[in-house]
Amino acid sequence: MLDMPRQRDYRKMLSPPYSRRAVASLEEEIRTAVRELLAPHLSTGEIDVYRDLAVPLATRVIADLIGIPLDQALHLQALVEKNFSRHPGQVGASDENNQALGELMVGLVELIEARRSDSNASGDDHIAVMLRTPAEGGPMTTGAIVSAVFTMLVTGIEVVPLSVANTAFYLAQQPGQRRMLVDDPSLIPYAFAESLRFDQPTNLLGRTVKEDVLMRGQKLRAGQGVMFLWASGNRDEEEFVDADRFDISRRPRRSLSFGHGRHKCIGEHIGNLEGRIILEELLAAAPEYEVREGASRAYTEFLHGYTQMPIEFAATGR
């Protein structure tokens, strides 16, 4: 929520673990975790891609980066999901949503204050780094750290699982394209990128116009709010030929799926790595899976996608 130069200290502080090289070093660890999560389901031939595979994997990865014990991170993940969940027809947050958000924030404050009181707040996890590294000329407040951790939890725990579940659904609808990935797994990153374009989990975000600008004949004035709608931008016919078609053979010249410029998501490389490995292992174990009855999408203003993605496949006993 900050522009340069205020943003610089925070981004510099948090970005090292998300470099391409740092993320690449996690591949073996993440693949091992994915296989462990898949293993109990191989003999049954059933798994919910979102709840049984992608959510626990993403939670494990981001919990380690932030510095939250896994059992606590799983509890926080449930609160994040409860905060964002909406019933069909619901407008705005309910008391239940607000209660979950309040419990989540209290939990984060307690976690950070406990780490702050620890005389040995060493380590390279995000909380340790934020506690000892000054930003904007002084130490970060508990409120600033809570805000940063909340953002990491939402993006780290929710976005990748939604993306993976969405991809699993669209590949099931396009068995020919799925077979291309089974035959040549090197195409999986392109399929994941196409899924992000076709059904981006982030529904909307906002910005404030800094100075007057003319865009497509419309004048945006300084101080106005603007809304980013990925579902619109990612179906722009001037950018994507036959934009309403899911096509893993696309090689677009640019993408906004992870943002752009100074505000581009620092988690792009790790999100792509998690998505690629989950899909590689899933397609290797279940190359001809079918989506079972019960697949359903989230109903919420901020995030959308499949939060239930039960599939069935030939049990392997692997």
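Okay, one cut-off before anything else: a residue is called buried under 20% relative accessible area, exposed over 50%, and partly exposed in between. Take R35 as the test case: R35 comes out at 42% relative accessibility, so R35 counts as partly exposed. And please keep in mind that what we have here is a predicted model.

Let me start with the whole chain. The protein chain has twelve helices and nine strands. For 318 residues, a compact globule would have a radius of gyration near 20 Å, and the chain has 20 Å, so the two agree. If you look along the principal axes, the C-alpha trace spans about 55 × 55 × 45 Å. Of the 318 residues, 45% are buried. As for contacts, take the ones between residues at least 6 apart in sequence: 70% of those join residues at least 24 apart.

Then the surface. The chain exposes about 16600 Å², with carbon and sulfur atoms supplying 53% of that. On charge, there are 35 positive and 44 negative side chains, and the centres of the two sets sit 7 Å apart.

Which brings me to pairing. Side chains of opposite charge can pair when their charged atoms come close. So how many salt bridges does the structure hold? The count is 26, and I'll walk you through three of them.

Number one is E27 with R31. Their side chains meet in a salt bridge at 3.0 Å, N to O. Why are E27 and R31 separated by about one helical turn? Because they are four residues apart in helix α3, which runs over residues 27-42. The general rule is that an α-helix has 3.6 residues a turn, so residues three or four places apart point the same way. Now, buried or exposed? E27 has 24% relative accessibility, so it counts as partly exposed. R31, on the other hand, is buried, with a relative accessible area of 16%.

Stay on R31 for a second. Leaving out residues up to four places away in sequence, R31 touches R276, I277, E280 and E281. Hold on to E281, please.

Number two is R35 with E281. The closest N and O atoms of that salt bridge are 3.0 Å apart. Which parts of the chain does this pair link? Distant ones: R35 is in helix α3 and E281 is in helix α12, residues 268-285, with the two positions 246 residues apart. We already have R35 as partly exposed at 42%. Its partner E281 has 4% relative accessibility, so E281 counts as buried.

Number three is K219 with D212. Here the closest N and O atoms are 4.0 Å apart. K219 is at 45% relative accessibility and therefore counts as partly exposed. D212 is at 44%, so D212 counts as partly exposed too. Back to the earlier residues, then: which ones do shared partners join into one network? The salt bridges there connect E27, R31, R35, R276, E280 and E281.

Next, helix α10, residues 188-198. Why do I call it largely enclosed by the rest of the structure? Because eight of its eleven residues are buried. Those are I188, A191, F192, E194, S195, L196, R197 and F198. And what covers them? The cover includes α8 (142-173), α9 (175-183) and α12. So α12 turns up again here, having already given us E281.

Last stop, the loop between α11 and α12. α11 is residues 230-233, and S257 has its place in that loop. S257 is at 10% relative accessibility, so S257 counts as buried. Apart from its neighbours within four places in sequence, S257 is in contact with L196, R197, Q200, W230 and N234. Two of those names, L196 and R197, you just heard among the buried residues of α10. If you'd like a distance, S257 and H41 are 216 residues apart in sequence and 31 Å apart in space, C-alpha to C-alpha.

S249 lies in that loop between α11 and α12 as well. At 42% relative accessibility, S249 counts as partly exposed. How far is S249 from Y190 in space? The C-alpha atoms are 7.2 Å apart, with the two residues 59 apart in sequence.

That's my tour, over to you.

Methods. Residues are numbered from 1 along each chain as its sequence is written. This is a predicted model: local features need pLDDT of at least 70, side-chain atom pairs count only at pLDDT 80 or more; totals for chains, interfaces and linings use all residues. Side-chain values use heavy atoms; hydrogens and water are left out. The radius of gyration is taken over C-alpha atoms; the globule rule is 2.2 Å times the number of residues to the power 0.38. Buried means under 20% relative accessible area, exposed over 50%, partly exposed in between (1.4 Å probe, protein chains only). Contact means heavy atoms within 4.5 Å. Accessible areas come from the Shrake-Rupley method with a 1.4 Å probe; for residues, only the protein chains shown count as cover. Lys and Arg count as positive and Asp and Glu as negative; His and the chain ends are not counted. The place of a charge is taken as NZ of Lys, CZ of Arg, CG of Asp or CD of Glu.
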